[in-house]
Amino acid sequence: MPELPEVETIRTELAGMLVGRTVRSAKIGRADIVGFPSARKLELDVRGRRVVAVRRTGKYLVLQLSGNRELIFHLRLSGHLELGNGRTVPRFERARFVLSGGKTMSFIEPRALGRVYLVRAGKHPRCLAGMARMGLEPIAREFTSEYLAGKLADRKASIKSLLLDQRVCCGVGNIYSDEALFRAGISPTRPAGKLAQPEVRRLGRALRSVLRAGIRWCGTTLEDRRYRRPAGAQGEFQKHLKVVGREGQRCSCGGTIERIKFGNRSSYFCPRCQH
DNA sequence: CTTGTGTCCTGTAGGC
DNA sequence: TGCCTACAGGACACAA
């Protein structure tokens, strides 16, 4: 569930707290959340490394460490990172990093689908292959309507499913894709290749603006999900959602928001605003 | 290559 | 009260 705006919010907050500190120790509480190399190897190899920078690429959070290492997190659906002082053990803590100065960073993941990886900088194992194949972020300068049009051309799959494909535009997930399609006035079920040029332009602009707004409001915290900022605060963008979570409610146009299923995921839209 | 489907994972909500 | 099932969904494996 953490999408680009949530991970970017986490990145900013972590950077202020972590950069310059050294990882004193790491404890993996549950081995299968380590995607690479292994729980034991990660614990041993991360020790003593200094956090040089905190970066983000798509939904991946990258802690750049001294000695040419990257500690990479993917929070998937329910993962989050929490800063603490070492006095308490949060519920669902799967990994803990103790830093110089007594701070701790807990990797909390109730569903255990999120992953942490420790790799040589730039050298990604097979389990991180998706990272190398990611498309441009909609907030990148190079993300033009020509770029988006090229990705959608001749594709028969629905625009909704392609927006979720990280090779098309990375960082977008279920919430922000629905909100962008609403703002662009495009139905999620439309075959991507059938979008007209002005629609693609509108969609590109909508993606950009909705992600920027998500960042500005520090992400989306929905009632039934667990996104929290590392210091514990909630996001605020849920107050600005137009369709997500509003099934059966009135759209500002007077129509009723609907929810449809795409395989395993749901998509919210207004059939009167979106065509 | 493209597209659709199943799988992972487990707390929570809702039904009976 | 308590058990059971469905659901949430990002990424990837896999089938057609």
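Let's start with DNA strand C. In this predicted model, 17 residues surround that strand, and the closest are H74, R76, L77, R259 and K261. By class, the surface near DNA strand C has seven charged residues, five polar and five nonpolar. On the DNA side, take the atoms of strand C within 4 Å of the protein: 68% of them belong to sugar or phosphate, and the rest to bases.

Three side chains have an N or O atom for which I can give a distance to a phosphate oxygen of strand C. For R259 the distance is 2.5 Å. For H74 it is 2.8 Å, and for K59 it is 3.1 Å. If you ask which elements give two or more residues to this surface, they are β10, residues 258–262, and β11, residues 265–269.

Now the other strand, DNA strand B. Its surroundings are R30, R91, F92, P110, R111, A112, L113, R155, K156, A157, R226 and N264. Of the atoms of strand B that come within 4 Å of the protein, sugar and phosphate account for 83%. The residues of this surface divide into six charged, five nonpolar and one polar.

Again, some phosphate contacts. An N or O atom in the side chain of R155 is 2.3 Å from a phosphate oxygen of strand B. For the side chain of R30, the corresponding distance is 2.4 Å. With A157 the backbone is involved: one of its backbone N or O atoms lies 3.3 Å from a phosphate oxygen of strand B.

Next, a hairpin. Strand β3, residues 51–57, pairs with strand β4, residues 60–65, in the antiparallel sense, over six bridges. Within that pairing, R56 stands opposite L61 in β4. Two residues separate β3 and β4 in the hairpin, and G58 in the turn has a positive phi of about 60°.

On to the aromatic rings. How many aromatic pairs are there? The count comes to four. One of them is F73 with F107, which is edge-to-face, at 5.3 Å centre to centre and 75° between the planes. F73 sits in strand β5, residues 69–74, and F107 in strand β8, residues 104–108, so this pair ties together parts that are 34 residues apart in sequence. F73 and F107 are both buried. Then there is Y176 with F237: the ring centres are 5.7 Å apart and the planes are at 20°, so that pair counts as stacked. It too links distant parts of the chain, with Y176 in helix α6, residues 174–184, and F237 in the loop between α7 and β10, 61 residues apart. Y176 and F237 are buried as well. Finally for the rings, F73, F97 and F107 are linked by ring pairs into a cluster.

Last item: P230. Where does it sit? P230 is in the loop between α7, residues 197–216, and β10. Is P230 buried or exposed? Its relative accessibility is 1%, and buried means under 20%, so P230 counts as buried. What is P230 in contact with, leaving aside its neighbours within four places in sequence? The list is I10, E13, L14, L81, E82 and L83. As for A180, P230 is 50 residues from it in sequence and 26 Å from it in space, C-alpha to C-alpha.

That's the set; I'll take questions.

Key:
Residues are numbered from 1 along each chain as its sequence is written. Chains are lettered from A and ligands numbered from 1 in the order in which they are written. This is a predicted model: local features need pLDDT of at least 70, side-chain atom pairs count only at pLDDT 80 or more; totals for chains, interfaces and linings use all residues. Side-chain values use heavy atoms; hydrogens and water are left out. A residue is near a molecule or strand if one of its heavy atoms lies within 4 Å of it. A polar contact is a pair of N or O atoms within 3.5 Å; within protein, one must be able to donate a hydrogen and the other to accept it, and residues adjacent in sequence count only if both atoms are side-chain atoms. Helices (H or I, at least four residues) and strands (E, at least two) are DSSP runs, numbered from the N terminus. Ala, Val, Leu, Ile, Met, Phe, Trp, Tyr, Cys and Pro count as nonpolar, Asp, Glu, Lys and Arg as charged, and the others, Gly among them, as polar. Buried means under 20% relative accessible area, exposed over 50%, partly exposed in between (1.4 Å probe, protein chains only). Contact means heavy atoms within 4.5 Å. Two strands pair if DSSP finds at least two bridges between them. Rings of Phe, Tyr and Trp (its six-membered ring) pair if their centres lie within 6.5 Å; planes under 30 degrees apart count as stacked, over 60 as edge-to-face and the rest as tilted.
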